Amino acid sequence: MSFEYGRVARQADAGVLARYGDSVVLASACYKKEPADYLPFFPLTIDYRELAFAAGKIPGGFFKREGRPRDKETLTCRHIDRPIRPLFPPGFRNETQIVAYLLSTDMENESDLLGLLAASCALSISEIPFLGPLGACRIGKVNGEIVANPTMSQLSAAQMSMMFVGIEDRVMMIAGQADEISIEDLDKAIEVAAPVIAQTIEMQREMVEAVGKPKITIDKPDVSSDLAARVKDRAEAKVRDINDGKGKLDRNRALNELKRGLTEELAEQFPDCEGPIAEALDTLVKQDVRQRILKRDQRLDGRPLTEVRPIECEVGILPRTHGSALFTRGQTQSMTATTLGTKSDEQVIDDVELEEEEKKRFMLHYNFPPFSVGEVRFLRGPGRREIGHGDLAESSLETVVPSEEEFPYTVRLVSDILESNGSSSMASVCAGSLAMMDAGVPVRAAVAGVAMGLVKEGDKYKILTDILGAEDHYGDMDFKVAGTRKGITGIQLDLKLPGVPWSLLREAVVLATEARMHILDVMDKAIAKPRPDISEYAPRIEAIVIDKEKIGTVIGPGGKTIRKITAETGATIDIEDDGTVTIASNKPESLRKAKEWIELLVAEVEVGQMYEGEVKRIMNFGAFVEVLPGKEGLVHISQLAPERIRSVEDVVKVGDKIWVKVVEIDDLGRVNLSRRKAMEERGEIPRSDDSGRAQRPERRGPPRPRDSGRRPTGRR
């Protein structure tokens, strides 16, 4: 791994070329030199793009250039943003942007890790007041062993793929999926990742010592101390009252009314004070929420710190979907539907870092409509949040989905959040697990997820189980952990602090495990195992494997044969290059007909078997009969009937259907048939010996005595 500065992107505040193997990422950092007049948040933008030339490819489509970011690029933006955002000082409000480009890929070293490190290095050497650098390491569990920064080929069969990001001896972020790993596996992963993280931090520090710029000082646009004092004097007691025993909606309404009243009261003395009053009021709410938890173990909804909100589970709520579930936890609700499709419904993944196009047969799409939080806004396409939450839920469930050999369906889940007050992505995991079982998907086990929170000041901290939206907003951590009863399948850590020790996070994982078992117990009451059969509205699918040499026979010239099968049976047919033929239909009879048709097309003629064939040609010496599609054999004139015949036309004509038996396939592959042998097998004539003479029936009992005298002749 190497970092380079000074050759490219020289007009940016900092630009770094990071290289790992033959993978190269350019990351630039820029900021506006004048802070915004007033912003209640830090305006940080992360953009990551994978350029097609990095893999020697030309983009598809009409325009032949990179278009809107793909899901992987969006997820990489989130992976860079999540650990970097907490490392800016609270008063910094200058608009800041990180732009990262994948310039070269060796198809082995993934670029998201490199992009994160390049962004950290660029911020560290710039004058932007970044409190890094931070280090990163991807951990895989390959063949039972914990491996640091495994290659992409190793990860394809790994039991775990997680990115660990840290600063000093503290963890900043964990994100990834696993195949039911234990807490001890996480302990080993941290142990292996820590020295690699330290190495990447040390490299950046060397760069800072060599070319680092002095950091700018911050003039924090604090709320006027006089105005803040007025707001505190008038609102502190009211805030405590509002936070006592009120639900989310009532609490939000009361706070909005309080904010309007304060603005009207103080507007004359403090012009343009609406934003500063809102910030001062939000500070009071934050202080009250945190002090309740730290000093009195008291949460906004009155629960103990480790208690999960009340849960309700229902399955089969949508009559015509293939599977459906409604999962409600407190004021967070996910309605998830399962749709089963065929091979042709798989999603094609066009990834720059893949040598060939990849196909996905399991998808989870997450939607967050505005009514779920009582808001009004236009419905748009999925944003970064929807893509990120959907990916987390999908990766948490993917490990229990059966293989294509076990279940030859494409599976799509759609989670619509109907109500939200914290941890909707984990509700999607629970609802998705229930919906798949309702659809009859033979999942290995049920999966549940829970979000853990943290309030920390100094050395004192409290961990919260199943956090509310306000506990996420005013707290210090959103730590999502999903898994089965056996182990963890998905993790995502989002911190507002500059890192926490692993010991604290391990404690949170233990509490999350206890909560997960409780949630799984409740889910089991709704449906404990997959239904024995899929929905009557889902397509029935059967997969057969044919000889690869016979694929052309099934497809036919220009696709004529397969189109005919589809048109006459109504079934959907997909053929893979390895000879796997997938047949799907909602009607069992259509499925059966299509399957039998294909099996006939690829079947081989066998000696000793009988077939009902069609007479195709007549010659002087016999008749050619088609016994299988495209496969003919000769019935010699001597084998057409039990008796001697003068002409073939005396027995059969072109187009006749007759039963024949295969008596020989010679060295040249010619098939010899016998109608006479088939008639014997079917009991239509007595059996004969090989010469063609009818065999006399076997005599039973003692032989009759011969007459000794002469028979009388003539008339009496």
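**Close-up 1. The lining of the largest cavity mixes three residue classes.** In this predicted model, the lining of the largest cavity divides into three nonpolar, three polar and three charged residues. The residues that form this lining are Y20, E108, N109, E110, L113, R138, N149, P150 and T151. If you are setting up a view here, the cavity's volume is about 70 Å³. How many cavities of 30 Å³ or more does the count give? The answer is one.

**Close-up 2. Eight strands pair antiparallel in an open sheet.** Following the sheet across, you meet its strands in the order 7-6-8-9-20-19-17-18. Strand 7 (145–148) and strand 18 (460–465) stand at the edges; each has a single partner strand, so one side of each is left without a neighbour in the sheet. From one strand to the next, the twist averages 20°.

**Close-up 3. Strands 8 and 9 form an antiparallel pair.** Here we zoom in on strand 8 (residues 160–167) and strand 9 (residues 170–181), which are joined over eight bridges. For a handy landmark, look for S161, whose bridge partner in strand 9 is Q177.

**Close-up 4. M163 is a buried residue of strand 8.** M163 is found in strand 8, and its relative accessible area is 2%. Is M163 buried or exposed? M163 counts as buried because its 2% falls under the 20% cut-off. Beyond residues up to four places away in sequence, M163 touches D112, L113, L116, C137, R138, M173, I174 and A175. Two of these names may look familiar: L113 and R138 also line the largest cavity. The C-alpha atoms of M163 and A148 are separated by 9.9 Å, with the two residues 15 apart along the chain.

**Close-up 5. Two helices lie across strands of the sheet.** Helix 7 (residues 274–296) lies across strand 17 (448–457) and strand 18, and runs at about 90° to strand 17. Helix 9 (residues 424–438) lies across strand 17 and strand 19 (477–483). Which angle does helix 9 make with strand 17? Helix 9 runs at about 160° to strand 17.

**Close-up 6. K72 of helix 1 is buried among its contacts.** K72 is found in helix 1 (residues 71–84). With a relative accessible area of 19%, K72 is buried, because the cut-off for that label is under 20%. Leaving aside neighbours within four places in sequence, K72 is in contact with E50, E110, S111, D351 and E353. One of these, E110, brings us back to the opening view, as E110 also belongs to the lining of the largest cavity.

Definitions and conventions: Residues numbered from 1 in each chain as written. Predicted model: local features only at pLDDT ≥ 70, side-chain atom pairs only at ≥ 80, totals over all residues. Heavy atoms only, no water. 1 Å grid on protein atoms, 1.4 Å probe; cavity = no way out; pocket = protein on both sides within 12 Å on 5 of 7 lines; lining within 4 Å. Points joined across faces, edges and corners; volume = space filled by probe spheres on them. Nonpolar A, V, L, I, M, F, W, Y, C, P; charged D, E, K, R; others polar. Pairing = 2+ DSSP bridges. Helix = DSSP H or I, 4+ residues; strand = E, 2+ residues; numbered from the N terminus. Axes fitted to C-alpha atoms, helices over the stretch in contact; angles between N-to-C directions. Contact = heavy atoms within 4.5 Å. Buried < 20%, exposed > 50% of the residue type's maximum accessible area, 1.4 Å probe, protein only.
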